[in-house]
Amino acid sequence: MYIHASVFITRQPLPLPANPAILPEDLEDWMDADILVIGGGIAGISAAARLAPHGRVVLVEAEPALAYHASGRSAALYEPQYGLAPVVGLSLASGGFFRADPLLLKLRGLMILGKADQTASFEALCDELGVAPIPFDEARAQVPILSPVTVALVATGAHAWDIDTDLLIQGFARELRAHRGEIRLKSPVTAITRTAAGWRVTAGGRDITAGILVNAAGAWADKVASMAGIKPIGLQPYRRSMARIPAPGGHDVSRWPMLFGAAASPDQEESWYAKPDAGALIVSPAEEFPMEPHDAFAEDMVLAEGLARYEEMMTEPVTRLITSWAGLRTFAPDRVLVLGPDPVDPAFVWSAGQGGYGFQTSPAASQLVADAVLGRVPALEPGLVAALSPGRFR
Ligand SMILES: Cc1cc2nc3c(=O)[nH]c(=O)nc-3n(C[C@H](O)[C@H](O)[C@H](O)COP(=O)(O)OP(=O)(O)OC[C@H]3O[C@@H](n4cnc5c(N)ncnc54)[C@H](O)[C@@H]3O)c2cc1C
């Protein structure tokens, strides 16, 4: 099927672009791609896979592998109650996709821990995540290293699952290739020019022409927009670090829930979290440190302070680090994803601001991006589509 950028112009009640991306039929063959996706993280590969059955899709990624940046560094959790209402809406709408493949999700469960002086933030986190208090002894039967001295508040819930993120990404990549879509690695986009028919993009030193651009460049999405002459959203990347430590006290941690430490004050989210991972435990200081887009790495002091907050609640000390890393969680100013055509130039489609939810929202988010590009009525309800639309910043 031939994809026509003018679908936006006929479907969207938005201002007409100054230079509409109308592709005359006889120009069709001139284009290298109907759709060019910039970014090979979960946002880009999922959108590309959804679009590939409907047109010629090329995905360009700067790095030598998919999921090199944020998408290779996550905690891989599906916790659909996490985040603001539109994020929760997207996460819930993604549940059907995840559950259709029994290998994608594995039940994990979650447990919130608080100290005696953290009642307000503990209750705020319990409300957000929809979990209920349980007695300490019951919690200790699940996680035998909880400290009876410091842990005063505990709540648990069952609605959290591990996502097999590698399987998810490889599945989308297979889907893209099965429809003759192309992935070009080591292809950083360095120039973008608007043409009468669409876009001319220089990626890895090669020019590619395309009718529609999908901007899924993660922390770099505003920079890609600027390159294309599109007004940035005001996205802000924040670093979040992670340490992998040996299973505490040699315990079998495989069935432990995801652990969240309540924050120092109710206006913050968790102050640390920990999750079983391949026989070890990953522990994050849960920091939000604003940064310029770059190849993020963990800072020793932040990691040490976060591990100390975790350790305070446990009877087993952290004896050593197996490894550590950091990734950038990139948020829009309102902390909600930015999905859909830019109102000023609808041939430029945003899939950005995934924050800390890029995996768990990816099935519904990529569906929405595909609906927008293909001119279909979105599967999501209109209020949610509006809350996610780039138009809210224009
Ligand atoms: C520590 C941590 C824990 C997390 N835990 C979870 C979790 O439990 N559950 C969850 O759902 N989410 C989680 N997240 C969030 C999730 O990882 C992100 O939301 C998601 O990976 C963002 O995906 P993305 O594709 O937008 O960005 P990225 O994965 O960063 O991909 C963007 C890509 O664009 C490429 N790119 C940029 N500029 C250019 C250019 N000019 N040319 C070509 N390519 C370019 C980059 O190289 C990059 O590969 C976590 C994140 C972190 C850091």
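This is a short dialogue on reading one helix and the ligand surroundings in a predicted model.

Me: What should I know about the model before I start?
Reply: The model is predicted, so local features need pLDDT of at least 70 and side-chain atom pairs count only at pLDDT 80 or more, while totals for chains, interfaces and linings use all residues. Residues are numbered from 1 along each chain as its sequence is written, and side-chain values use heavy atoms, leaving out hydrogens and water.

Me: How many residues does helix H3 have, and what span does it reach?
Reply: Helices are DSSP runs of H or I with at least four residues, numbered from the N terminus, and the expected span is 1.5 Å times one less than the number of residues. H3 (residues 85-100) has 16 residues and reaches 24 Å from first to last C-alpha, close to the expected 22 Å.

Me: Where does H3 bend?
Reply: A bend is the angle between axes fitted to the seven residues ending at a residue and the seven starting there. In H3 that angle is about 30° at Ser94. Ser94 is also buried (under 20% relative accessible area, 1.4 Å probe, protein chains only), and other buried residues of H3 include Pro86, Leu90 and Phe98.

Me: Which residues are closest to the ligand?
Reply: A residue counts as near if one of its heavy atoms lies within 4 Å. Here 37 residues surround the ligand, the closest being Glu61, Ser71, Val189, Gly355 and Gln360.

Me: Which polar backbone atom lies 3.0 Å from a ligand oxygen?
Reply: One belongs to Ala43, and Gly358 offers another at 3.0 Å from a ligand oxygen.

Technical notes. Helices (H or I, at least four residues) and strands (E, at least two) are DSSP runs, numbered from the N terminus. Buried means under 20% relative accessible area, exposed over 50%, partly exposed in between (1.4 Å probe, protein chains only). A polar contact is a pair of N or O atoms within 3.5 Å; within protein, one must be able to donate a hydrogen and the other to accept it, and residues adjacent in sequence count only if both atoms are side-chain atoms.
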